[in-house]
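Open the model in your viewer and keep the selection panel at hand. The tour makes three stops, and each begins with something to select.

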Amino acid sequence: MKITDVKTFLVHDRERPSRNYTFVKIYTDEGVTGLGEAGVTGRELAVRGMVESFAPILRGMDPTRIEHIWQTLWRGHFFRGGHVHSAAVAAIDIALWDLRGKVLGVPVYDLLGGRTRDYARCYCHVQQPGAGHGPRGAIDAMVDYAKGQVEQGWQFIRFGAGEGSRQGAEGIYEQSRAVRWTVEAFGALRDAVGPEVEICVDFHQRTTPPYAIELARELQPMRPFFIEDPLRAENPSEFAYLRQHISVPIATGEQLPSKWDWRELVEQDLMDYCRVDLCICGGLTEARKVAGWCETHYIEQVPHNPLGPVSTAACLHFDLSTPLFAVQELTWRPDILADIVTTDMRLEGGNLYSGGSPGLGVELDDEAALAEPYQMAGTHILRREDNSVSDW
Ligand SMILES: O=C(O)[C@H](O)[C@@H](O)[C@@H](O)[C@H](O)CO
């Protein structure tokens, strides 16, 4: 069997207009195809360019040699690394696992060693962008939504630190206001959902060390499941400084593009939960290596997944087969893009099940995808009151 072509489909999300999805499809001379997704939101055009630059290398290759193709795409050029490169490799890698499963007639989780659990429990985002009036209104809207989700069976919820404290059309983000709002919001959520439901808070890398420490200390008595990305990702050793001052569980890593970027975090126990993103960090092949490394430090996986159906399916097969897994981020719903990508996944309460179809159980309708073309989005820049840049 030989690869005949690789194509990128950029699909605009009509329900969340600030987003586009990057699907990558591999075609073979035997008619079987594989489907992957890339995950650097806002950099879709660059990823498409990177995939195009791989196409001449891929054509004619044997798609069953997944690791060899990974090594070829990663190491076959002098300039390597970074999010765009790793996301393009990721999408191709995921597509190759899907294709292999289809050829052998087995689900990808079987190729990865078989299921270690029956389903993946998930967490949902509960903040409601644009809902409610003012900071208190934003909290009330979030609490209402969270209560509904818990009634439907969700056991894990997540909200973004400071989201309801943003001011003005430009979304001015000031850390001191964000800290106060987040403490109030967490308290309201905890009162509403009770002690059993786990609450995760994404600091989204917007806090400097002193504010991250202050917020983590304030939240600790209310028992967050984890705080996520309390610091920016460029300098992992800074998490050691944070560890000296706080003791809430830390989740991080969604931006890291390869296993080498995880080294300090894993080897120095600087995180409690690993937020590997399969669609950024080199696909299933690379994420499995990161997870294996984490296993030696008892660090559980919480794959990052604010993406679409193919990312979600890849995460699900990874979660089902990975022994140390905690909870899956899920923003996809079965009705999202249902006319473009069909899947065999089933969501019951907050638990995600695979239908066990060959491959990842996803199919892209090429024509339908082309009918929902890319629209430039995600160019918004967050600022502080003095008009300086705030981390997004
Ligand atoms: O945890 C999450 O889902 C993320 O932080 C998410 O909010 C961002 O990655 C965003 O999607 C970038 O475009």
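A cavity here is a set of grid points, computed over the protein atoms alone, where a 1.4 Å probe fits but cannot get out; a residue belongs to its lining if it has an atom within 4 Å of a point. Bear in mind that the model is predicted.

**The cavity.** Select Ala233, Pro236, Phe239, Thr252, Gly253, Leu256 and Leu265, which line the largest cavity. Its volume is about 30 Å³, and the count of cavities of 30 Å³ or more is 1. By class, the lining holds 5 nonpolar residues, 2 polar and no charged.

**The ligand.** Next, select the ligand and the residues around it. There are 13 of them, and Arg19, His204, Glu254, His304 and Glu329 come nearest. Which class has 7 residues in this shell? The charged one, beside 4 polar and 2 nonpolar residues.

Now show distances from the ligand's oxygen atoms. A polar atom in the side chain of Glu329 lies 2.4 Å from one ligand oxygen. For His304, a side-chain N or O atom is 3.2 Å from an oxygen of the ligand. Aspartate 202 likewise has a side-chain N or O atom 3.2 Å from a ligand oxygen. Of the 340 Å² that the ligand exposes when taken alone, the protein buries 85%.

**Helix H6.** Finally, select residues 175–193, the 19 residues of helix H6. From first C-alpha to last, H6 reaches 26 Å, close to the expected 27 Å. Then step to glycine 194, just after H6, where phi is positive, at about 85°.

Technical notes. Residues numbered from 1 in each chain as written. Predicted model: local features only at pLDDT ≥ 70, side-chain atom pairs only at ≥ 80, totals over all residues. Heavy atoms only, no water. Helix = DSSP H or I, 4+ residues; strand = E, 2+ residues; numbered from the N terminus. Expected span 1.5 Å × (residues − 1). Near = heavy atom within 4 Å. Polar contact = N/O pair within 3.5 Å; in protein donor to acceptor, adjacent residues only side chain to side chain. Areas by Shrake-Rupley, 256 points an atom, 1.4 Å probe, with all protein chains shown as cover. Nonpolar A, V, L, I, M, F, W, Y, C, P; charged D, E, K, R; others polar. 1 Å grid on protein atoms, 1.4 Å probe; cavity = no way out; pocket = protein on both sides within 12 Å on 5 of 7 lines; lining within 4 Å. Points joined across faces, edges and corners; volume = space filled by probe spheres on them.
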